[in-house]
Amino acid sequence: QVQLVESGGGLVQAGGSLRLSCVVSGNIFSISAMGWYRQAPGKQRELVARITSGGSTNYPDSVKGRFTISRDNAKSTVYLQMNSLKPEDTAVYYCKCEVPTGTWRVTTDYWGQGTQVTVSS
């Protein structure tokens with residue numbers, strides 16, 4: 001059974017920093033791509049960072065240069081370091097684990113329960 005548990009959210013002033021963590025249970029972490037997504041009220045869930053099993057990363061322009069995703073395979077944990085936070089970064093942040101199925105580019109995806117990040121102006 002794959003379970004994801006996020007932590008590290010909270011309230012921070014604009015310009016501040018937070019680090020989110022997501023611990024993944026189940027012996028699949030090292031072979032899985034991991035992603036952080038966010039969803040603000042009334043908006044669709046959007047990708048904010050992704051890291052492959054090999055360590056390649058990608059970010060949307062909205063967070064590039066401010067957010068950094070990293071992973072520790074020994075701890076089955078993925079992190080999201082968020083710097084220079086803005087009020088528009090306020091959202092629930094979710095962790096996603098993309099487990100390969102053996103079919104090219106087909107994964108089984110698991111989600112965490114989410115952690116609230118609120119950035120005050």
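Two strands pair if DSSP finds at least two bridges between them, and the strands themselves are DSSP runs of E with at least two residues, numbered from the N terminus. With that in hand, let us walk through this predicted model, in which local features need pLDDT of at least 70 and side-chain atom pairs count only at pLDDT 80 or more, while totals for chains, interfaces and linings use all residues. Residues are numbered from 1 along each chain as its sequence is written, and side-chain values use heavy atoms, with hydrogens and water left out.

A good place to start is β4 and β5, which form a hairpin with 6 residues between them. In its turn, G42 has a positive phi of about 80°. The two strands are antiparallel and share 5 bridges; within this ladder, W36 has A49 of β5 as its bridge partner. Moving on along the chain, β5 makes a hairpin with β6 too, this time with 5 residues in between. Here G55 sits in the turn with a positive phi of about 100°. β5 and β6 pair over 2 bridges in the antiparallel sense, and R50 stands opposite N58 in β6.

After β6 (57-58) comes the loop that leads to β7, and V63 is found there. Is V63 buried or exposed? Buried means under 20% relative accessible area, exposed over 50%, and partly exposed in between, using a 1.4 Å probe and protein chains only. V63 has a relative accessible area of 0%, so it is buried. Contact means heavy atoms within 4.5 Å, and, leaving aside neighbours within four places in sequence, V63 is in contact with R38 and V48. The C-alpha atoms of V63 and D89 are separated by 8.8 Å, with their positions 26 residues apart along the chain.

Next, have a look at the open sheet. Strands of a sheet pair through backbone hydrogen bonds, either parallel or antiparallel. This one has 4 strands in the order β1-β3-β8-β7, with antiparallel pairing. β1 (3-7) and β7 (67-72) stand at the edges with a single partner strand each, so one side of each is left without a neighbour in the sheet. On average, neighbouring strands of this sheet are turned by 15° against each other, direction ignored; the axes are lines fitted to C-alpha atoms, for helices over the stretch in contact, and angles run from 0 to 180 degrees between N-to-C directions. β1 pairs with strand β3 (residues 18-25) over 5 antiparallel bridges, and L4 stands opposite V24 in β3.

V24 also takes us inside. A nonpolar core is a set of buried Ala, Val, Leu, Ile, Met, Phe, Trp, Tyr and Cys residues joined through side-chain atoms within 4.5 Å. The largest one has 30 residues, and V24, M34, W36, V78, L80, M82 and Y93 have the most contacts inside it. Two or more residues come from each of β3, β4, β5 (46-51), β7, β8 (77-82), β9 and β11 (115-120), and β9 gives the most, with 5 residues. Not counting residues up to four places away in sequence, V24 touches V2, Q3, L4, F29, M34, S76 and C97.

Now turn to β11. In a regular strand the side chains alternate between the two faces of the sheet. For β11, T115, V117 and V119 make up the covered face, whereas Q116, T118 and S120 make up the uncovered one. Strand β2 (residues 10-13) runs parallel to β11 and is joined to it by 4 bridges, with V117 as the bridge partner of G10. β9 is joined to β11 by 3 bridges and runs antiparallel to it; there, V92 stands opposite Q116.

Finally, the aromatic rings. Rings of Phe, Tyr and Trp (its six-membered ring) pair if their centres lie within 6.5 Å; planes under 30 degrees apart count as stacked, over 60 as edge-to-face and the rest as tilted. The structure holds 2 aromatic pairs. The rings of Y37 and W111 have centres 5.0 Å apart and planes at 65°, so this pair is edge-to-face. Y37 lies in strand β4 (residues 33-39) and W111 in strand β10 (residues 107-111), so the pair ties together parts that are 74 residues apart in sequence. Y37 counts as buried at 13% relative accessibility, and W111 as partly exposed at 36%. The rings of Y94 and W111 have centres 6.5 Å apart and planes at 85°, so they are edge-to-face. Ring pairs thus link Y37, Y94 and W111 into a cluster.
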